[in-house]
Amino acid sequence: MVLSRGWSVFLVGVGIWTWVIWPRFAVAIWQDPRSWASGRVAVGATTSFLWVHALLIAASLAIGTTVGVLGIRSWRQQKS
């Protein structure tokens, strides 16, 4: 399958967007009192709230990275 230049740019944009948004969300989850058993940030044991969101963030970053790399590879292939 050959992607158009427009789709290649879109995929790269999605990859970049993923890396802009999800790390900021990770900070918000870390600072959320529901992430900690004590109800105070970074004090005590972590809760399933933090772990579920950490898994979601990791999966989203992996998918976003893959999509971005596919977009870059598609863009580079069109130039050769």
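Helix 1 and helix 2 run roughly antiparallel to each other, and that is a good place to start with this predicted model. The call comes from the crossing angle: the two axes cross at roughly 160°, and anything over 145 degrees counts as roughly antiparallel. Helix 1 takes in residues 5–30 and helix 2 residues 48–79, with their axes coming within 7 Å. As for handedness, helix 1 goes past helix 2 in a left-handed crossing. What sits in the contact between them? Sort its residues by class and you get 19 nonpolar, 11 polar and two charged.

Now step back to the whole chain. Those two helices make up its secondary structure, with zero strands to go with them. For the overall shape, box up the C-alpha atoms along the principal axes and you need roughly 55 × 15 × 15 Å. The radius of gyration is 17 Å, where a compact globule of 80 residues would come out near 12 Å.

Last stop, the largest pocket, which holds about 150 Å³ of space. Its lining brings together Met1, Val2 and Leu3 with Leu70, Arg73, Ser74, Gln77 and Gln78. Sorted by class, that lining has four nonpolar, three polar and one charged residues.

Methods. Residues numbered from 1 in each chain as written. Predicted model: local features only at pLDDT ≥ 70, side-chain atom pairs only at ≥ 80, totals over all residues. Heavy atoms only, no water. Axes fitted to C-alpha atoms, helices over the stretch in contact; angles between N-to-C directions. Helix = DSSP H or I, 4+ residues; strand = E, 2+ residues; numbered from the N terminus. Parallel < 35°, antiparallel > 145°, perpendicular 65-115°, else oblique. Left-handed = near helix turned anticlockwise from the far one by under 90°. Nonpolar A, V, L, I, M, F, W, Y, C, P; charged D, E, K, R; others polar. 1 Å grid on protein atoms, 1.4 Å probe; cavity = no way out; pocket = protein on both sides within 12 Å on 5 of 7 lines; lining within 4 Å. Points joined across faces, edges and corners; volume = space filled by probe spheres on them. Rg over C-alpha atoms; globule rule 2.2 N^0.38 Å.
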